[in-house]
Amino acid sequence: MIADVLRAIGQMGDGRFRAVLALGVGLSLALLVGFSVLLVWFAQWLVGPVVILPWIGEVTWLDNAAGLVTVPFVLVASVFLMVPVASAFTGLFLDRIAQAVEDKHYPGLPPARAQGWGEMMKESAGFLSLVVVVNALALVVYIFSTVLAPFVFWAVNGFLLGREYAQMVAARRMEAPQARAFRRKHGLQIWATGVLMAVPLSIPVVNLLVPVLGAATFTHLFHRLSRAGRV
């Protein structure tokens with residue numbers, strides 16, 4: 001597993017890696033900025049420009065106050081959502097990362113199975129929904145687990161990242177049901193590799209590299225197991 005990660009890191013300078021990273025981060029930032037503006041606007045609209053309070057009368061600044069109060073919530077939400085959203089967008093371009101890895105390390109392979117945009121978008125949307133829901137539930141555990149919170153975070157996101165990247169990479173070389181069987185068969189190794197991907201999620205800026213690094217790492221993992229006859 002460590003070798004898979006190191007080989008993926010060694011290729012991070014690849015032009016195709018950089019292009020996918022820029023696309024994923026750029027689209028994610030655009031989405032989160034749009035979401036933030038919409039949320040602040042909604043808070044201001046909900047309060048209204050003029051509020052009449054007992055004994056005070058008309059108050060015209062509460063909508064601005066509501067907008068300001070919403071900003072910290074938006075910032076916290078962005079911290080938690082940036083990587084999952086970037087992962088979802090990067091998932092749409094996973095084929096480019098896997099193909100770059102295969103071109104360099106596994107030449108001579110037959111063409112990958114063609115995946116339609118519908119299939120890829122369905123997988124990415126399902127992953128994004130799962131990550132947001134699971135992390136929202138895990139947030140309660142983080143609050144009460146204090147010093148254990150980082151380990152819970154790594155364990156939960158290791159499971160999620162391992163599940164998603166193993167499925168996406170395997171689906172390039174086999175049908176979706178076979179890919180799911182592969183994921184279940186190697187569940188422990190996939191989870192452990194996912195944890196290695198989840199640890200950098202705790203490091204600002206570095207966490208934006210995780211989607212590309214994860215896709216490359218799991219491409220190596222899949223082919224290593226495939227060549228060992230364990231797929």
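Here is a short conversation about the predicted model shown above.

Visitor: Happy to be here! How many helices and strands does the protein have?
Guide: Welcome! Read along the sequence, the pattern is α-α-β-β-α-α-α-α-α-α-α. The secondary structure therefore comes to 9 helices and 2 strands, with each helix a DSSP run of at least four residues and each strand a run of at least two.

Visitor: What share of the contacts with a separation of 6 or more is between residues 24 or more positions apart?
Guide: A contact here has heavy atoms within 4.5 Å. Among contacts with a separation of 6 or more, residues 24 or more positions apart account for 77%.

Visitor: Which element gives the largest share of the largest nonpolar core?
Guide: Let's start with the core itself, which has 36 residues; Phe17, Ile97, Leu161, Phe182, Met197 and Phe218 touch the most other members. Elements giving two or more residues to this core include helix 2 (15–47), helix 6 (149–170) and helix 9 (210–227). The largest share is 9 residues, and the element behind it is helix 9.

Visitor: How much of the protein counts as buried?
Guide: A residue is buried when its relative accessible area is under 20%. In soluble globular proteins, nonpolar side chains tend to be buried together. For this protein of 231 residues, the buried part is 42%.

Visitor: And the outside: what percentage of the accessible surface belongs to carbon and sulfur atoms?
Guide: The accessible surface of the protein comes to about 12,200 Å². Of that surface, the part belonging to carbon and sulfur atoms is 74%.

Visitor: Is Val140 buried, partly exposed or exposed?
Guide: Good one to look up in the structure! Val140 lies in helix 5 (residues 117–145), and joins Leu139, Ile143 and Phe144 in a nonpolar surface patch of about 430 Å². Patch residues need over 30% relative accessible area. The value for Val140 is 47%, which falls between the cut-offs of 20% and 50%, so Val140 is partly exposed.

Visitor: What kind of aromatic pair do Phe151 and Trp154 form?
Guide: The structure holds 3 aromatic pairs. In one of them, the ring centres of Phe151 and Trp154 are 5.4 Å apart, and their planes stand at 80 degrees. Planes over 60 degrees apart meet the cut-off, so the pair is edge-to-face.

Visitor: How far apart along helix 6 are these two, in helical turns?
Guide: Phe151 is exposed at 51% relative accessible area, while Trp154 is partly exposed at 22%. Both sit in helix 6, 3 residues apart, so the separation is about one helical turn.

Key:
Residues numbered from 1 in each chain as written. Predicted model: local features only at pLDDT ≥ 70, side-chain atom pairs only at ≥ 80, totals over all residues. Heavy atoms only, no water. Patch = residues over 30% accessible without salt bridge, like charges linked within 9 Å, V, L, I, M, F, W, Y side chains within 5 Å. Areas by Shrake-Rupley, 256 points an atom, 1.4 Å probe, with all protein chains shown as cover. Salt bridge = Lys/Arg side-chain N within 4 Å of Asp/Glu carboxyl O. Buried < 20%, exposed > 50% of the residue type's maximum accessible area, 1.4 Å probe, protein only. Core = buried A, V, L, I, M, F, W, Y, C linked by side-chain atoms within 4.5 Å. Phe/Tyr/Trp six-rings, centres within 6.5 Å; stacked < 30°, edge-to-face > 60°.
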